[in-house]
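Reader: Please take a close look at the empty space inside this model. I would like the enclosed part described, then the open part.

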Amino acid sequence: MAVPKLELRPLGNTGLKLSSVGFGASPLGSVFGPVSESDAVASVREAFRLGINFFDTSPYYGATLSEKMLGKGLKALGVPRNEYIVSTKCGRYREGFDFSAERVTKSIDESLERLQLDYVDIFQCHDIEFGSLDQIVNETIPALQKLKEAGKIRFIGITGLPLDTFTYVLDRVPPGTVDVILSYCHYSINDSTLEDLLPYLKTKGVGVISASPLAMGLLTEFGPPEWHPASPELKSACQAAAVYCKEKGKNISKLAMQYSLSNKDISSVLVGMNSVKQVEENVAAATELALFGKDHETLAEVEAILKPVKNQTWPSGIQRS
């Protein structure tokens, strides 16, 4: 039986087609533990070989290290620039937040140099809830439009945790100004609130990227990192779900990944990767989903375990991820 190619999905009105699994490059900045340059390059190469064409980073990840490592990985591919899609961000840096026109204009040049690219496909305002949303509307986005005209970026995006920040901005900019939103931790088994926003985003012609299908480590056998802002109830319910899966010979992370991938209105599910093994596991989860569909039985059990904490979110905090 032929293995299906990783599905490509249209991103809003951009004309871009993103692989259903996106490569989150934050781990390449050694934010979850050290990653060697050779491992970083090998991960990017393997991802591309297996059909991943979308790579996402930010100058904030690993204090610019993620961008540098991703740049080396992409260069090592030795393929034409139009064969992969790169997104980076502006406004959030190791030294803090700065969404001023001056800073974001300087930011793109710094990022392009680190990525060794002439342009990025998507340039996103990073975690806008920490800035002034009115500044984002009146100053930051107009500055990004100038970068678009200059050919340094192709499309404009915004990212953040609270979903109402997206509607606030999108209701205040002309249609077609913002091309993409990147939401995280709102389309996973424990929290699917992004779903309610999808029809609205469709009317605005905005493409949707969803990150962190494993809810920043909640839906893993190892559990979340110490700094994870979820409540104790949510953490223990997710742990119980992980234990249930393990006893059944299943893996909660794969189940979570497949849950997130199965909504076709989400163009790409971004997941952090820092090794060839992780790349292969994530692509295998997508391939298996395409061939056999979701594991409805296990999913129903896990959803029942998580029902008491369903859609329980946490306030935005300065997280390390």
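Author: **Enclosed and open space**

Leu170, Val173, Pro174, Pro175, Gly176, Thr177, Val178, Lys204 and Val206 line the largest cavity. A cavity is a set of points on a 1 Å grid over the protein atoms alone where a 1.4 Å probe fits but cannot get out; lining residues have an atom within 4 Å of a point. This cavity holds about 40 Å³ of space. A volume here is the space filled by probe spheres set on the points, which are joined across faces, edges and corners. The count is one cavity of 30 Å³ or more. Its lining has six nonpolar, two polar and one charged residues. Ala, Val, Leu, Ile, Met, Phe, Trp, Tyr, Cys and Pro count as nonpolar, Asp, Glu, Lys and Arg as charged, and the others, Gly among them, as polar.

The model is predicted: local features need pLDDT of at least 70, side-chain atom pairs need 80 or more, and totals for chains, interfaces and linings use all residues. Residues are numbered from 1 along each chain as its sequence is written, and side-chain values use heavy atoms, without hydrogens and water.

Now the open part. The largest pocket has a volume of about 1300 Å³. A pocket is an open set with protein on both sides within 12 Å along at least five of seven lines. Of its 42 lining residues, Phe32, Leu214, Gly217, Val271 and Gly272 are the closest to the centre. By class, the pocket lining has 17 nonpolar, 16 polar and nine charged residues.
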